[in-house]
Amino acid sequence: VQLQASGGGLVQAGGSLRLSCATSGFSAYGMGWFRQALGQEREFVVAITWSDGTKYYADSVKGRFTISKDNAENTVYLQMDSLKPEDTAVYFCARNRRGVSWPVMSMYDSWGQGTLVTVSS
């Protein structure tokens with residue numbers, strides 16, 4: 001399984017970015033996005049199931065971030081709006097092979113390389 005995250009960059013506070021995560025050779029219940037700020041632990045952001053598109057959001061991003069999927073392209077997207085400086089982090093996509101406990105890192109067994117998002121104030 002390979003995961004390729006892209007779309008990060010530098011944006012001003014209040015701006016938007018769209019991240020993509022392309023997968024190959026997958027067999028999974030769904031995909032998640034996590035992020036890790038400098039000096040911080042990696043944290044859950046959002047996840048989505050492949051089957052019916054059920055979504056799970058961290059409270060910190062509800063109403064600002066939107067996850068979506070394209071089953072035909074095996075790609076998951078993360079639309080990030082109203083970005084804040086505290087959203088600055090490396091964002092990782094990952095595969096959830098268990099289909100449960102979506103915010104828990106140990107449920108994910110394949111990870112992309114990460115893409116850096118920097119939000120300036």
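## Questions on a predicted all-strand chain

Reader: Is Thr23 buried or exposed?
Author: This is a predicted model. Thr23 has a relative accessible area of 8%. The cut-off for buried is under 20%. So Thr23 counts as buried.

Reader: Where does Thr23 sit, by strand?
Author: Thr23 is not in a loop; its place is in a strand. That strand covers residues 17-24. Its label is S3.

Reader: Which residues does Thr23 touch, leaving out those up to four places away in sequence?
Author: A contact needs heavy atoms within 4.5 Å. With residues up to four places away in sequence set aside, five names remain for Thr23: Gln2, Leu3, Met31, Trp50 and Asn74.

Reader: Is Gly63 buried or exposed?
Author: Gly63 lies in the loop between strand S6 (55-57) and S7. Its relative accessible area is 82%. The cut-off for exposed is over 50%. Gly63 is therefore exposed.

Reader: How many Å apart are Gly63 and Val46, C-alpha to C-alpha?
Author: Along the sequence, 17 residues separate Gly63 and Val46. In space, C-alpha to C-alpha, the separation of Gly63 and Val46 is 12 Å.

Reader: How many strands does the chain have?
Author: Helices number zero. Read along the sequence, the pattern is β-β-β-β-β-β-β-β-β-β-β. The strand count is eleven.

Reader: Why is the chain called as compact as a globular protein of that length?
Author: The globule rule gives 14 Å for 121 residues. The chain comes close to that, so it is as compact as a globular protein of that length. Its radius of gyration is 13 Å.

Reader: Which strand gives the most to the largest nonpolar core?
Author: The largest nonpolar core has 33 residues. Among those with the most contacts inside it are Trp33, Val45 and Phe65. Strands S1, S3, S4, S5, S7, S8, S9 and S11 each supply at least two core residues. The top contribution is five residues, from S5.

Reader: What share of the contacts between residues at least 6 apart joins residues at least 24 apart?
Author: Start from contacts between residues at least 6 apart in sequence. Keep those that join residues at least 24 apart. The share is 55%.

Reader: How many Å apart are the centres of the positive and negative side chains?
Author: The chain carries 11 positive side chains and 10 negative ones. Each set has its own centre, and the two centres lie apart by 3 Å.

Conventions: Residues numbered from 1 in each chain as written. Predicted model: local features only at pLDDT ≥ 70, side-chain atom pairs only at ≥ 80, totals over all residues. Heavy atoms only, no water. Helix = DSSP H or I, 4+ residues; strand = E, 2+ residues; numbered from the N terminus. Rg over C-alpha atoms; globule rule 2.2 N^0.38 Å. Lys, Arg positive; Asp, Glu negative; His and termini not counted. Charge placed at Lys NZ, Arg CZ, Asp CG, Glu CD. Core = buried A, V, L, I, M, F, W, Y, C linked by side-chain atoms within 4.5 Å. Buried < 20%, exposed > 50% of the residue type's maximum accessible area, 1.4 Å probe, protein only.
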